[in-house]
2 protein chains.
Amino acid sequence: MPKSKICIRKICFSVETVKRLSLYLRDLRKLAKKKIQFISSNKITQLLNISPAQFRKDLSYFGEFGKRGVGYEVEKLIKKLEEILGINKEWRIAVVGVGRLGSALLRFEGFSKFNIKIKTAFDIDKKKIGKVINGIKIEDVGNLERVIKKEKIKLSLICTPPQVAQDITNRLVSAGIRGILNFAPVALKVANNVFISNVDMACELEQLIFLLNNER
Amino acid sequence: MPKSKICIRKICFSVETVKRLSLYLRDLRKLAKKKIQFISSNKITQLLNISPAQFRKDLSYFGEFGKRGVGYEVEKLIKKLEEILGINKEWRIAVVGVGRLGSALLRFEGFSKFNIKIKTAFDIDKKKIGKVINGIKIEDVGNLERVIKKEKIKLSLICTPPQVAQDITNRLVSAGIRGILNFAPVALKVANNVFISNVDMACELEQLIFLLNNER
DNA sequence: TGGCATTTGTTCCTATTTTCACAAAGTATA
DNA sequence: TATACTTTGTGAAAATAGGAACAAATGCCA
Ligand SMILES: NC(=O)c1ccc[n+]([C@@H]2O[C@H](COP(=O)([O-])OP(=O)(O)OC[C@H]3O[C@@H](n4cnc5c(N)ncnc54)[C@H](O)[C@@H]3O)[C@@H](O)[C@H]2O)c1
Ligand SMILES: NC(=O)c1ccc[n+]([C@@H]2O[C@H](COP(=O)([O-])OP(=O)(O)OC[C@H]3O[C@@H](n4cnc5c(N)ncnc54)[C@H](O)[C@@H]3O)[C@@H](O)[C@H]2O)c1
């Protein structure tokens, strides 16, 4: 498969670049907390296991943010990255499947830092429907299309069993969802104007096992 | 950073290959359930968004498993992949931090398919220590080194707050842990004989937001 | 048995990604 | 102001990954 490439105004870069921008932002925020005003590409990437040239090139796709001989102004770069990533405005998301994982996510406060707000959740289990977790009401999955459309939600997490994940995906997309973070261990099929990101824990563990099993 | 490359007996391939092997295995198991005996590289990769040539090349690093004109015998390839990945024997793992995420993982049965067994869990919270979740006793994190060494555990998950994750990592490594799946949003530093894999949900969400925000 | 259809394993080529290396720009010091 | 450092931004080179294409096997059927 061709690696998905992103092109904005004739400038092309890979999704890897975008992932790294998130990592830069995370560390820049830590630096800001420590009241550090300026940081060089060298210093910031020492913490991250990424080369300084990579850092500079990643940023160069979006503009010139540094000052030669000095480095990057931490607060300014944070603002710029938030803008580039698009988290300078609020993103309301949905969660489908409020089981063990889904309810952990509903209770997690850490997303608010990125302006991500879980607005609604869906389940099929009558015992769960109507309950409120962390201020989020669990809706009947039967109302999925209606609620997603009404709330104009564009992004959803899938935390259902894998058997139903494709069906849920189809329904989400038909209701207007354009991005899905999928926790179910299944490769979802979607039109190519819908973005999917998979978190596959078993896959990650198997990779570690492979490495342990084959090391010298 | 150089992409980590894996070399076994003069044959080199990337970690991406290993991740894809996990995906192949997952789909092969589904085929086996449906009693399908043979599958071609063409058919299996249609489900996966990977090119047939990639599939064949990935396998070719480890041997010849197909039959020309026929395809791959599903059951046989499953066995081979389990062997290659190293999940033909049991892997006992530990979980550090039994909060919302950690307890969801303790209750998750899905890892057993991969011969992964959560053997022990640790927390610092007195209210949690001693409790048993899904047959797994929560130990005092003070006993981390002792228990890990005694049980000869080599793989651990970190589900603690990010502030303590590096300290926990250092202790795990000194106790003999060689692979870590990290859920805390922080870049862990380890010697290069220790393998780290990160699951960073915020990062994945930001990537989706970037894509939604920039699409035409 | 021979011809046709299918599919693998692998080579070679192409595309993408990462790193190198250096001019340009800025700082510091005297 | 001149000189010695720093550090960025970026084109060019190197390293990696992905894919097309084809010979070599295998099966099927007349
Ligand atoms: N729990 C973990 O630690 C873990 C780890 C790795 C992967 N996963 C994956 O994440 C997903 C969720 O895991 P979990 O442990 O939370 O499972 P779970 O069984 O605890 O929760 C699943 C939830 O989905 C709901 N559901 C089922 N069908 C539905 C439908 N059609 N519409 C809406 N809701 C529906 C169920 O009622 C339940 O509340 C699974 O695909 C699992 O494989 C979980
Ligand atoms: N919950 C989620 O949905 C979610 C999503 C993304 C990332 N994460 C990350 O996963 C990690 C865990 O998240 P959570 O929501 O389960 O948090 P949590 O606060 O519910 O759980 C953390 C657990 O770690 C324990 N702990 C704290 N210090 C410890 C120490 N020194 N040794 C051992 N245990 C210790 C706490 O007692 C608690 O039980 C965090 O780093 C979080 O950022 C969580």
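How many helices and strands does the secondary structure of chain A come to? In this predicted model, the tally for chain A is eight helices and twelve strands. The C-alpha trace of the chain spans about 60 × 45 × 35 Å along its principal axes. Of the 216 residues in chain A, 49% are buried. Looking at contacts in chain A between residues at least 6 apart in sequence, 55% turn out to join residues at least 24 apart. The chain exposes about 11,100 Å², and carbon and sulfur atoms account for 51% of that figure.

On to the ligands, beginning with ligand 1. This molecule lies between chains A and B. It is surrounded by 24 residues, and the closest are A:R100, A:L101, A:D123, A:K128 and A:T160. Two of these residues also turn up with short polar distances. The side chain of A:K128 puts an N or O atom 2.6 Å from an oxygen atom of ligand 1, and a backbone N or O atom of A:T160 likewise sits 2.6 Å from a ligand oxygen. A backbone N or O atom of A:V98 is found 3.5 Å from an oxygen atom of ligand 1. On its own, ligand 1 has 820 Å² of accessible area, and the protein covers 87% of it. As for where the shell comes from, the elements giving two or more residues are α5 (100–107) and α7 (162–174) of chain A, plus α5 (100–107) of chain B. Helix α7(A) supplies the largest share, three residues. Sorted by class, the shell around ligand 1 holds 17 nonpolar, three polar and four charged residues.

Now for ligand 2. Residues from chains A and B surround this ligand, so its site is shared between chains. Out of 24 residues around ligand 2, the nearest are B:R100, B:L101, B:D123, B:K128 and B:T160. The side chain of B:D123 has an N or O atom 2.5 Å from an oxygen atom of ligand 2. The backbone gets involved as well: an N or O atom of B:G99 lies 3.4 Å from a ligand oxygen, while one from B:I124 lies 3.5 Å from a nitrogen atom of ligand 2. Taken alone, ligand 2 exposes 820 Å², of which the protein buries 86%. Two or more residues of the shell come from each of α5 of chain A and α5 and α7 (162–174) of chain B. The largest share, three residues, belongs to α7(B). By class, the shell around ligand 2 divides into 17 nonpolar, three polar and four charged residues.

Away from the ligands, A:E204 is worth a look. This residue is part of helix α8 (residues 201–214) of chain A. With a relative accessible area of 14%, A:E204 counts as buried, because the cut-off for that label is under 20%. Leaving out residues up to four places away in sequence, A:E204 touches B:K19, B:L181, B:S197 and B:V199.

Chain B also has an open sheet of seven strands, ordered β8-β9-β7-β6-β10-β11-β12, with mixed pairing. At its edges stand β8 (132–133) and β12 (195–198), each with a single partner strand, so one side of each has no neighbour in the sheet. For β8(B), two bridges make the link to β9 (residues 136–140) of chain B, and these strands run antiparallel. Within that pairing, B:V132 has B:K137 of β9(B) as its bridge partner.

Methods: Residues numbered from 1 in each chain as written. Chains lettered and ligands numbered in written order. Predicted model: local features only at pLDDT ≥ 70, side-chain atom pairs only at ≥ 80, totals over all residues. Heavy atoms only, no water. Near = heavy atom within 4 Å. Polar contact = N/O pair within 3.5 Å; in protein donor to acceptor, adjacent residues only side chain to side chain. Areas by Shrake-Rupley, 256 points an atom, 1.4 Å probe, with all protein chains shown as cover. Helix = DSSP H or I, 4+ residues; strand = E, 2+ residues; numbered from the N terminus. Nonpolar A, V, L, I, M, F, W, Y, C, P; charged D, E, K, R; others polar. Buried < 20%, exposed > 50% of the residue type's maximum accessible area, 1.4 Å probe, protein only. Contact = heavy atoms within 4.5 Å. Pairing = 2+ DSSP bridges.
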